[in-house]
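This report describes how selected helices of one protein chain are arranged and which residues bring them together.

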Amino acid sequence: MTNIILIGLLAGLIINIFDVSVTVLTVAKKWNEVLKKQGIDFTPFTPAYYVTASFVAGILLVWFSKILFMVYGMNRGVMLFAAISIWFITRLYGAGHVVMKQMPFKIFAVMSLGLLLGFVIAGQLVFSLIK
């Protein structure tokens, strides 16, 4: 279990690097403007929440991939499937912001791309560490 958590935290760090980089460099300013127009301000806890969620997602990615490896064998294709599966679940929830018209689809798509890159690259980078 310790192995899952430690490797998962590394995966979460990689997810965070891609997610935060893509978001900050491309859509953060626009997203803040959209939220302000809706009367929503970020609290000091907002960034911490999202960073923590990505670390938890990294742990889930490693845990889920280990289960899949027991069934389908340990290979990079299975890891890719695990990464895309966990990413997809996060985007199902995230799409709620678009459905509620709280977030424009373009911002959602860019943020989703950053997360997809993070999940896929994290999975492939930690693949060799998982036993």
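## Helices α3 and α6

In this predicted model, the axes of α3 and α6 come within 11 Å and cross at roughly 45°. An angle of 35 degrees or more but below 65 counts as neither roughly parallel nor roughly perpendicular, and α3 and α6 are therefore oblique to each other. Their crossing is right-handed.

On the α3 side, the residues that meet α6 are Ser54, Ala57, Leu61 and Val62. Their counterparts in α6 are Leu115, Phe119, Gly123 and Val126.

## Helix α1 against α6

Helix α1 comprises residues 2-26, and its axis comes within 8 Å of that of α6, with a crossing angle of roughly 150°. Because angles over 145 degrees count as roughly antiparallel, α1 and α6 are assigned to that class. The passage of α1 across α6 is right-handed.

The α1 residues in this contact are Ile7, Leu10, Ala11, Ile14, Ile15, Phe18, Asp19, Val22, Thr23 and Thr26. Those of α6 include Val110, Met111, Gly114, Leu115, Leu117, Gly118 and Phe119. Leu115 and Phe119 of α6 also appear in the contact with α3.

## Helix α1 against α3

The axes of α1 and α3 lie 7 Å apart, and the two helices pack at an angle of about 130°. The contact draws on α1 residues including Asn3, Ile4, Ile5, Gly8, Gly12 and Asn16. From α3, the participants include Tyr50, Val51, Phe55, Gly58, Ile59, Trp63 and Lys66.

The relation of α1 to α3 is classed as oblique, and α1 passes α3 in a right-handed crossing. Ser54, Ala57 and Val62 of α3 take part in the contact with α1, and these residues also meet α6.

## Helix α4 and its surroundings

Helix α4 spans residues 76-94, a total of 19 residues. From first C-alpha to last it reaches 27 Å, close to the 27 Å expected at 1.5 Å a residue. At its start, a side-chain oxygen of asparagine 75 reaches to within 3.0 Å of the backbone nitrogen of glycine 77.

The buried residues of α4 are Val78, Met79, Ala82, Ala83, Ser85, Ile86, Trp87, Arg91 and Gly94. They pack against α3 (45-72), α5 (96-99) and α6 (105-126).

## Serine 112

Serine 112 lies in helix α6. Its relative accessibility is 6%, and serine 112 therefore counts as buried, the cut-off being under 20%. Leaving aside residues up to four places away in sequence, serine 112 touches Trp87 and Arg91, both of which are among the buried residues of α4.

Note on methods:
Residues are numbered from 1 along each chain as its sequence is written. This is a predicted model: local features need pLDDT of at least 70, side-chain atom pairs count only at pLDDT 80 or more; totals for chains, interfaces and linings use all residues. Side-chain values use heavy atoms; hydrogens and water are left out. Helices (H or I, at least four residues) and strands (E, at least two) are DSSP runs, numbered from the N terminus. The expected span of a helix is 1.5 Å times one less than its number of residues. Buried means under 20% relative accessible area, exposed over 50%, partly exposed in between (1.4 Å probe, protein chains only). Contact means heavy atoms within 4.5 Å. A polar contact is a pair of N or O atoms within 3.5 Å; within protein, one must be able to donate a hydrogen and the other to accept it, and residues adjacent in sequence count only if both atoms are side-chain atoms. Axes are lines fitted to C-alpha atoms, for helices over the stretch in contact, and angles run from 0 to 180 degrees between N-to-C directions. Angles under 35 degrees count as roughly parallel, over 145 as roughly antiparallel, 65 to 115 as roughly perpendicular and the rest as oblique. A crossing is left-handed if the near helix is turned anticlockwise from the far one by less than a right angle, and right-handed if clockwise.
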